[in-house]
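Hello,

Here is the structure I said I would pass on. Please open it first, and then read the notes below with it on the screen.

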Amino acid sequence: MGPHRTIGIAPKTECIKGVVACQCELGREKLLTAPPYRMPVSLPIPEEAQQRYQTAPCCRDVEQYQCPTKQIYVVFKSPARANEVFSKVFPATTPIKYVKRKLSKLLSVSNSNLLLTKNRTVLKETSLLKELKGDSCGNLRIDVFTKDSEEFSLSSIPMEAYVCELIQADAPKKKTIPFIAIKFKVRNQNTTFTRSYHSIMKIHEIKKNLGGLFGVEPDNIVLLRAEHPLKDRMALLDLDYDKYGITEVELLTKNHEKLNFEKLYRENPINDVISVMVPFGNMVKHVNVEIFSDAMKKPYLGGYRNIHTGTEYHHAYTQTPQKPEKLPAERKNCRDTQTAEEREKIYDTAYSRATQMNNPNVFIPNVTDRIVVPKQYETYEEMIERLNHNHYAAVIQRAFRHYQFRQKVTRWLAECLERIARIKEEERLEKEALARRLRKDLITKTFPRTREDFDQLYAMVDRWKHAEIARISQLHSKGPKIAEFTLLLDKEVELLRCIEDYRVQVKEDSRKLKERRFLEELSKPIAWYGRNGKVVQMETIEIQKARKLKELYNSIIREGLEVKDRIELLVDLKFALQEFRHPLAEEIITLLDRECDLLVRRCNDHQLEFLRRRITAALIQLIKTSELNSHVTKLKDIRDFRKMDNGNLYLCEMCHQVKQYEEFPLNTLMNGFFVCKSCSWKDVHERLWIDMTPYKFILRAVQRDERRRKCWGSLAFVLQEKDIFYIVEKLWHSHSAISECSDITELRLCRWHVNQDWSPWNCFLVTVQEMKAHLKLEHPEQVYDEDLLQKIRTKHNLAKATFEQLLSVNRRFTQAGDWQGVRAPVTARVEAVDRL
C-alpha cells in the first residue's frame, strides 16, 4: 500500500485529514463513535510498517490525505454556433461522466447522445477534470456535440442555475475537523446526551446509528436545528460548529415514542467529548470536557500469505502493552536464543584402519602405503618460469579478443543484412505505391466519375493540343499548316464532345443511384439490439407508406415491357395514386393518361423518353413531399438542408443562388466567396484545365509528414490544392532545386529547416531520394553552395510576399492554441459510424 492511499469508505474525501477509515463493516460501526486519536510527532516510518494493511485506527504514522480543494472553471462551446457559450465551475476531481450528466439535464438532451471533446478528441467518461490540460489560468474549454446532430442551444440555460455555485466556489472554506460532537436535546423527554461522529457522515447515517441504539426505525427520527429539519443527504461538515467541533441538535420522534436511554451507554464507548453538569451557585451549568486517548504503537509481528489468492494476513497485537525490559536493548551484550533441540548421532569409519605404530604384537599391512621422497628444492622465480603464466594469459586474451571480434562481425553482418532487407522492402513498397497510383490514374482516366477526373481528361486534351500545335508550327509550307490546324480543331471538338457526352451520362447515372439510395434509406425499418443480443426490427406506418411509394417508383422505371403490360402498369399506378389528395398526384395522373394515349397511337420508346423522365421526376418530388410522406423529414440530407437557416450562407454572383461556404472553392489567395464550384467549373474563362491530382498527392504527403511529427500548428492543414499548384508551378517552376528534375510524380515539398514547422517560406522542392538525404541535415546552410542558398532565399521571400496574410493568422492561432479547431471537426468521424 502506497503512502498516499487511504483505505476506507469515505463518501467525501475532502474532509479526511489525520485519520484512516476502516474497510470492514464492524470497523466502520466502531469508527462512527470512536474518539479522535491525537497524532504524535511524525517519526520515520519503517518500510515493513508501510507495507502492512492497517485494520484499525491507531497512531501509526501515515501520510495525511491531500484533499484537492481547487475548482476548475469550464467553458462549453458549440462549433456549430460560435456565439453561444456556457460556463460552469466544477471540482477538480469531477469525472467527465458527471459533467455530461449535468450538462444533458441543463440542455434537455439525452446523456448517451451527448459528446464532449477537447482538441478534436472525445473525452473518456472515466477521466477527471484535473487530468485535462487547461490554459495558463487553469480554465478548460470543451466542445459540445451530439451524435445524431440533434439541435441544442447553450444560451438557453438560465443564469440562475449556476450563479450560486460560482459564489459558493469562490467563498472561503471553513476549517474541517475529523470528528464532530453532537449534543442531542430530546424535546419531549427533557434529556440531553452527547455523541461524537465522523465529520464525513450524512444525516441519514446518524439516524440509522441512533435507530440501532434505541431500537426504533430510522425514518421515525427527526433532527431539528433552529426549528428546521435537517435533510438526509446533508453532511456534518455543512452544519455550523464551534472551534472545538461541537454543535447542538434537537431530536424528536414522529409518533412521540419515548427513547430508552439505558441502551445508550450499554456499549460504554470512549467519547472524545462528554457533557458534565457542574453546580454553580443556585443553578447547574453544562461543561463539555474533551478526552484525549493516546494509542500505543503496535509492532509488526509477522504473518503469512495465501499462495492461491495472494492475500496477506498479519498477526494481531493485544490491547495490553508489554512490560518494558529491565535492561535496555542497547546495553545488552548477550545473544537471545530459543531452546535448541539436541540430537545424538554416532559416526563410524567405513572400514578398519591402523591407529598405532608397527610393533611385534600388532601386524599392520603396508600394501596401501605410499613412500614420499623429497624433490629438489625449487625457488619462486624458477616456479614462475616453469608455470609460464604470462604465456597462457596471452593465449587466453588472444582467444577472447578473437571471440569478441567474431561476435562483432556477426552483429555487423546481421545489421547489414537487416538494413539491406529494409531498403529492399522500402523499394518494394515504393514500387507498389507507384503501381497503385498509376493503376488508379489509369482507371480514373478510363472511367471518370468526379469533376477532378474530368479535369484530368480535359488537361490531357489540352496537353495533346499544345503538342500538336508545336509540331504543326515547325512546318514551312503555309497550305499544309492551315490543313493541319483545321484537322486539329475538328479532332479537339470531337474529343471534347465525347467527354461531355460521357459526363452527362455519368451525371444521370449518379442521379439515379442517389434516388435509389434515398428510397432504400427511406424504407429501411427501425432496428435495435434486444436483451438477448439479437437484432429487433420494427416497421411503422410511415415506413410502410414509404415502402409503398418505393414500389411505385420501381415499377414506373421498369424497362423492356410490352405495350400491353406497360398500359396495365400505368393503369394500376393511376389507381394507386388516387389515394393521395394532392395537386402533384393529380399532375402525375394526367401524365400517365397522356402516356397511355401515346402508347395506343403506337409511339416508340424514343419518342416517350422525355415524357417518362417527367413522370419519374414528378413521382420523386411526390415522395419527397412531407405532407404525403412524413418519414422523409427524418433523413439526414433533409435535416442538413434545414440547418442552412442557421449556417453561413453566401451569394453566388453567376447563378444568383444562396449556398453554404462548402459549395465555394477555397484557397488562401482569395478575398471572399464570389463564384460557387458548379459555376466556376462550367465557366470556360474561370476553369483551368489543370490536372490537380499530383498537387493533391504532394499536399497529402506534406500533411502526413506533419502529423507524424506531431506538428498540429502547421500551415499545411490550411493550404489547398491550388495553393500547392501555385507554390510548385509559379515559385519553383516545377523543377527540383538540386537536380532540376521535372517529373511532377517524383517531386515532394519537404521542410527546409527540419526543426521548424512546414510553411510556404520553409519548404524545399526536391525528389524523393533527395528529400530523404535532406531531412538528415540539421544545418543545410553548411552543406549547399552559396548560389543555391541565394536561390532558396529568393523563393522563400516570394512565398512570404504572396502568403503574407497567413503570417498574422499563424501567429494569432499559434499563440491562442486554437489550431485544433482549424482541422476537421469530430463530427466528421462520429457520423461515419454505422447505426442500425
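Helix H13 and the salt bridges

The buried residues of helix H13 are covered by parts that include helix H9 (478–522), helix H10 (541–556), helix H11 (563–577) and helix H12 (583–600). Please keep in mind that this is a predicted model.

The buried residues of H13 are Leu611, Ile615, Thr616, Ala618, Leu619, Ile620, Leu622 and Ile623. H13 itself has 15 residues, 609–623, and at 1.5 Å a residue it should span 21 Å. Its end C-alpha atoms are 21 Å apart, so the expected span and the model agree.

One of the buried residues, Ile615, can be set against a residue of another helix. Thr590 is located in helix H12. Thr590 and Ile615 are 25 residues apart along the chain, and 9.7 Å separates their C-alpha atoms. Thr590 has 45% relative accessibility and therefore counts as partly exposed.

Next, the charged pairs. Side chains of opposite charge can pair when their charged atoms come close. How many salt bridges does a search of the whole structure find? The search gives 33. Three of them are described here.

- Arg566 and Glu595: their side chains meet in a salt bridge at 3.1 Å, N to O. Arg566 is in helix H11 and Glu595 is in helix H12, so this pair ties together parts that are 29 residues apart in sequence. Both Arg566 and Glu595 are buried. Through shared partners, salt bridges join Arg566, Glu595, Asp605 and Arg612 into one network.

- Lys465 and Asp462: this salt bridge is 3.9 Å from N to O. The two residues are 3 apart in helix H8 (residues 451–473), so about one helical turn separates them. Lys465 and Asp462 are both buried.

- Glu425 and Arg428: the closest N and O atoms of this salt bridge are 2.2 Å apart. Glu425 and Arg428 are also placed 3 residues apart, in helix H7 (residues 389–446), which means about one helical turn lies between them. Are these two residues buried, exposed or partly exposed? Glu425 counts as partly exposed because its relative accessibility is 35%, and Arg428 is partly exposed at 36%.

Why does a spacing of three places suit a pair within one helix? An α-helix has 3.6 residues a turn, so residues three or four places apart point the same way.

When you go through the model, you could start at H13 and its buried residues, and then turn to the network that joins Arg566, Glu595, Asp605 and Arg612.

Regards

Terms used:
Residues are numbered from 1 along each chain as its sequence is written. This is a predicted model: local features need pLDDT of at least 70, side-chain atom pairs count only at pLDDT 80 or more; totals for chains, interfaces and linings use all residues. Side-chain values use heavy atoms; hydrogens and water are left out. Helices (H or I, at least four residues) and strands (E, at least two) are DSSP runs, numbered from the N terminus. The expected span of a helix is 1.5 Å times one less than its number of residues. Buried means under 20% relative accessible area, exposed over 50%, partly exposed in between (1.4 Å probe, protein chains only). Contact means heavy atoms within 4.5 Å. A salt bridge is a side-chain nitrogen of Lys or Arg within 4 Å of a carboxyl oxygen of Asp or Glu.
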